[in-house]
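Work through the exercises below with the sequence and the coordinates open. Each task is followed by a solution in steps.

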Amino acid sequence: MLTTAYAPGKSILFGEHAVVYGRPAIAVPVTQVRACAIVEDAPRGQGISIRATDLGLTHRVGARVAANHPSHALQATVVNTLERLGVDRPLDLTLTVSSTVPMARGLGSGAALATAIVRSLADHLGHDLAPQEVSDLVYQTEIIHHGTPSGIDNTVIAFEQPVYFVRDEPMQLLRVRRPFWLAIGDTGMASLTRIAVGDVRTGWAGNPKKYDALFDGIGAIAAAAKNALSSGRIGALGKLMNENQALLQALGVSSPELNRLVAAARDAGAIGAKLCGAGRGGAMLALATAAKAEGVAAELLRAGAVGVIVTQVGGAVTED
Ligand code: PMV
């Protein structure tokens, strides 16, 4: 028997970093990229082995592995899921994972892979896990990847819908009144979430007043963006993105490459643009109308992006 499960990537529209400090943030799934996990029954006595084809690694669950090795997070995801499912007998399974979500680009590659693993194991063993249960399990893996994750990545990926997220509060699904398009540009440089989050924490510890004011500003932008989304004010949304980018620059998490792509997108007619995710490298996103999205994407490539994903957020146009 063979069971396959998928999970999308994600992008943070508003509120990264401040969300770690309890301010609201908004994220959307990005379905153009996805992680895949395939579970197959294996010969008796094999135990559980994990094959990560993109990473070129094979790992037998239970074998010793260093905490910083990629197999560690994969193994922990399997072990936590089986524990949650109440499996206490030995299993013989082969789990094959792969992903088209670029790694270390703020697109949720780790959370997508973990979500696909949780879903595939639960399905294979005949369990139906609610999205919140999947999210909670993936959060455990996010702790391994990032240390102190806010929980936004596992939430938006497990629910696969736009979310308004406040740490330690029940998540809210977002109403998107009018569809809009995002061109997500990849700088080609790794964004190490743990490091960017750690640097912001050091800055905050040294000057809490300054950083709390920046977090408050970002949180207020995310709250205003929620209203703009639910009332279909796309122009307002773009302006809020530009304001959010200015505050992210003040936090010190942008980079020359991100700034260049943000400027190129605005010049090409984007309504707004900002970095997305932890920053320093990774990706940025530009908000555009259907008519402008492909032009913005082409301009991002000309300005040095190594890849661009164009994705639509929201469904059919709602008439007023
Ligand atoms: O993993 P990334 O690059 O999408 O960053 C996550 C967003 C942060 O707010 C920077 C961290 C967090 O845990 O929310």
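## Exercise 1: A residue in strand 1

A5 is located in strand 1. The model is a predicted one.

Task: decide whether A5 is buried or exposed, and list which residues A5 touches beyond four places in sequence.

Solution.
- Step 1. The relative accessible area of A5 is 6%. Buried means under 20%, so A5 is buried.
- Step 2. With residues up to four places away in sequence left out, A5 touches A35, C36, A37, A116, R119 and S120.
- Step 3. A5 can also be paired with I117: 112 residues separate the two along the chain, and their C-alpha atoms are 7.4 Å apart.

## Exercise 2: Three more strand residues

Task: for S11, state the strand, the burial class and the contacts outside the four nearest places in sequence. Then do this for A52 and D186.

Solution.
- Step 1. S11 belongs to strand 1. Its relative accessibility is 0%, so S11 is buried. The contacts of S11, with neighbours within four places in sequence set aside, are I26, A27, V28, V30, I184, C276 and L285.
- Step 2. A52 sits in strand 3, which covers residues 48-52. A relative accessible area of 3% makes A52 buried. Beyond its neighbours within four places in sequence, A52 contacts L57, L74 and V97. The C-alpha atoms of A52 and A37 are 9.3 Å apart, with these positions 15 residues apart along the chain.
- Step 3. D186 is part of strand 8, residues 180-186. With a relative accessible area of 12%, D186 is buried. Not counting residues up to four places away in sequence, D186 touches P102, R105, L261, G282, A283, A305, V306 and G307.

## Exercise 3: Positive phi outside glycine

Task: H17 has a positive phi without being a glycine, and so does E160. In which loop is H17 found, and in which loop is E160 found? Give the burial class of H17 and of E160.

Solution.
- Step 1. For H17, phi is near 70°. The residue lies in the loop that joins strand 1 (2-14) and strand 2 (25-41). H17 has 6% relative accessibility and counts as buried.
- Step 2. For E160, phi is about 55°. This residue is in the loop between helix 4 (152-159) and strand 6 (163-165). E160 has a relative accessible area of 36% and is partly exposed.

## Exercise 4: Two helix pairs

Task: what is the orientation of helix 5 to helix 6, and of helix 7 to helix 8? Name the residues in contact in each pair.

Solution.
- Step 1. Helix 5 spans residues 193-206 and helix 6 residues 208-231; their axes come within 5 Å and cross at roughly 125°. Helix 5 is therefore oblique to helix 6.
- Step 2. Helix 5 contributes V200, G203, W204, A205 and G206 to this contact, and helix 6 contributes P208, Y211, D212 and F215. By class, the residues of the contact are six nonpolar, two polar and one charged.
- Step 3. For helix 7 (residues 234-251) and helix 8 (residues 256-267), the axes come within 12 Å and cross at roughly 165°. Angles over 145 degrees count as roughly antiparallel, so helix 7 and helix 8 are roughly antiparallel. The crossing of helix 7 past helix 8 is left-handed.
- Step 4. On the helix 7 side the contact is made by N242, Q245 and Q249, and on the helix 8 side by N259, V262 and R266. These residues divide into one nonpolar, four polar and one charged.

## Exercise 5: The whole chain

Task: how many helices and strands does the protein chain have, and how does its radius of gyration stand against the globule rule?

Solution.
- Step 1. The protein chain has nine helices and 11 strands.
- Step 2. Its radius of gyration is 20 Å, close to the 20 Å from the globule rule for 320 residues, so the protein chain is as compact as a globular protein of that length.
- Step 3. Along the principal axes, the C-alpha atoms fill a box of roughly 60 × 50 × 40 Å.
- Step 4. Buried residues make up 53% of the 320 in the protein chain.
- Step 5. Among contacts with a separation of 6 or more, 72% are between residues 24 or more positions apart.

Methods
Residues are numbered from 1 along each chain as its sequence is written. This is a predicted model: local features need pLDDT of at least 70, side-chain atom pairs count only at pLDDT 80 or more; totals for chains, interfaces and linings use all residues. Side-chain values use heavy atoms; hydrogens and water are left out. Axes are lines fitted to C-alpha atoms, for helices over the stretch in contact, and angles run from 0 to 180 degrees between N-to-C directions. Helices (H or I, at least four residues) and strands (E, at least two) are DSSP runs, numbered from the N terminus. Angles under 35 degrees count as roughly parallel, over 145 as roughly antiparallel, 65 to 115 as roughly perpendicular and the rest as oblique. A crossing is left-handed if the near helix is turned anticlockwise from the far one by less than a right angle, and right-handed if clockwise. Contact means heavy atoms within 4.5 Å. Ala, Val, Leu, Ile, Met, Phe, Trp, Tyr, Cys and Pro count as nonpolar, Asp, Glu, Lys and Arg as charged, and the others, Gly among them, as polar. The radius of gyration is taken over C-alpha atoms; the globule rule is 2.2 Å times the number of residues to the power 0.38. Buried means under 20% relative accessible area, exposed over 50%, partly exposed in between (1.4 Å probe, protein chains only).
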